[in-house]
Every structure is written in structure tokens, then in C-alpha cells.
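Let's look at a protein chain together with its ligand. We will start at the binding site and then step back to the chain as a whole.

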Amino acid sequence: MRRNFHLVRHPVVQHKLSLLRRRETSVTEFRALVGEVAMLMSYEVTRDLPLTRKRISTPLETLSAPVLKGEKMVLVPILRAGMGLLDGMLHIFPSARVAHIGIYRDHRTLEPVEYYFKASKTLRGRDLILLDPMLATGNSAVAATDRLKSAKPRSIRFLCLVAAPEGVTCFHKHHPDVPLYAAALDRKLNSHGYILPGLGDAGDRIFGTI
Ligand code: URA
């Protein structure tokens, strides 16, 4: 059992993930399924968000009703595949703010390089959800989390569809305090950094760049 690693075992999530993995799933289907799984997983990833109470009136009475506590949450897709998870999350959290982070791996040094970052100036004190469908080596997720932590948010959570054991180990070596949510923990990485059995290149399958 890995600490701070949450496998979302819901049967509908598992079923849709199996459809995503199939080689013959079309771009149209893949894109829709990624959105549906993101929507379903949004419940799990936010299940411990703090609540406060607010006085409201129903047509019949007033009551002190539970509402989410604090500023609007911020969704942070890692470009480009993380964008595939964004719409599904926004269906459930339509007023969430969105920050974008672009990271690539330098082929010479193999180190992650940030090439784009655009966020509201006020990440401080907010709840952030970092989005990337595949947690492979973990290097991009670590670099993105380093960057986000420097903005002093209230919390960071990481949501992916498929994680490799190597990525989970790497991520939690650097950020043991950040909970990871995944629909599957696969077997291993191959020599090109792809997850086995995985689902292939998530960005290519979402954007049809195969
Ligand atoms: N990124 C992907 O899109 N797929 C993998 O298997 C690994 C990284």
C-alpha cells in the first residue's frame, strides 16, 4: 500500500478506462471518454475539501447550509495532454480558475524544462488540482508541483488516469505531502518512457496527432 496514493476503483471509471486503453478506440471516443472519466474522478479528488456554513433561504425556511470553504479552486493542466482532463473537471467546477503549465524534457540533459506558465497572481491560499493523464517518469509532475508550491497554495492534489510505479515513487520522493489520484497503477515504463500496458501517447490520442 502506497501512502498518499489513491486508486479510484469505481466500476464505471474502470470500465471507461478499459475502453480508453483499446487500440481501436477512435479520437472522438477517446476525447469524450477522457472527459467522462475526469468528471467521475473529480468527486474522489475533492472528497476532503473543507466545508463551511452559510445562511441560505429555501422557499420554506432558512438554514445554515454547507458550502465549499475558501477561494475558487484552480485547475492546472500540464500541457498538452492535461488539457484533455480540463473540460470534464470544469463541468463539475464551472467557476474554477485555470492555470496552464508547459513542460518538456530536454533531450540532452533529460531534465524537465518549463516553457510556459500562466496563472492568476493569487494562487496563494487556494486549492490546486494538477492534471496530467499519464504519470510516467514523474519528472514533469515533480517540476510542476515545485513551481506551484512556490506560490504558497492551501493545497495541491494530482490527478492522472494511469500511473507507472516509477512515477509514483519519484513523485512521492519529492512531494510526499501531495496526494495522487489515479484510475490505474500499471506495470512499468518501457525504455522510451511509455507506460505498460498503458494506453499509448495520451496527447496524440486526444488531439489526433497519431
Ligand atoms: N505519456 C503518455 O502519453 N503515455 C505514456 O505511456 C507515457 C507518457
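A polar contact here is a pair of N or O atoms within 3.5 Å. Please keep in mind that this is a predicted model. With that cut-off in hand, one such pair joins a backbone N or O atom of G200 to a nitrogen atom of the ligand, 2.8 Å apart. Two further pairs involve ligand oxygen atoms: one with the backbone of I195, and one with the backbone of A202. Here they are side by side:

| Residue (backbone N or O) | Ligand atom | Distance |
|---|---|---|
| I195 | oxygen | 2.8 Å |
| G200 | nitrogen | 2.8 Å |
| A202 | oxygen | 2.7 Å |

On its own, the ligand has 240 Å² of accessible area, and the protein covers 84% of that.

Which residues surround the ligand? The three in the table belong to the group, and M134, A136, G193, Y194 and D201 complete it. Sorted by class, this shell holds five nonpolar residues, two polar ones and one charged one. As for the pockets, the largest one is the space that the ligand takes up.

Now for the wider view. The protein chain contains six helices and 15 strands. Its radius of gyration is 18 Å, close to the 17 Å that the globule rule gives for 210 residues, so the chain is as compact as a globular protein of that length. Along the principal axes, the C-alpha atoms of the chain fill a box of roughly 60 × 35 × 35 Å.

Definitions and conventions. Residues numbered from 1 in each chain as written. Predicted model: local features only at pLDDT ≥ 70, side-chain atom pairs only at ≥ 80, totals over all residues. Heavy atoms only, no water. Near = heavy atom within 4 Å. Polar contact = N/O pair within 3.5 Å; in protein donor to acceptor, adjacent residues only side chain to side chain. Areas by Shrake-Rupley, 256 points an atom, 1.4 Å probe, with all protein chains shown as cover. 1 Å grid on protein atoms, 1.4 Å probe; cavity = no way out; pocket = protein on both sides within 12 Å on 5 of 7 lines; lining within 4 Å. Sits in = over half its atoms within 2 Å of the grid points. Nonpolar A, V, L, I, M, F, W, Y, C, P; charged D, E, K, R; others polar. Helix = DSSP H or I, 4+ residues; strand = E, 2+ residues; numbered from the N terminus. Rg over C-alpha atoms; globule rule 2.2 N^0.38 Å.
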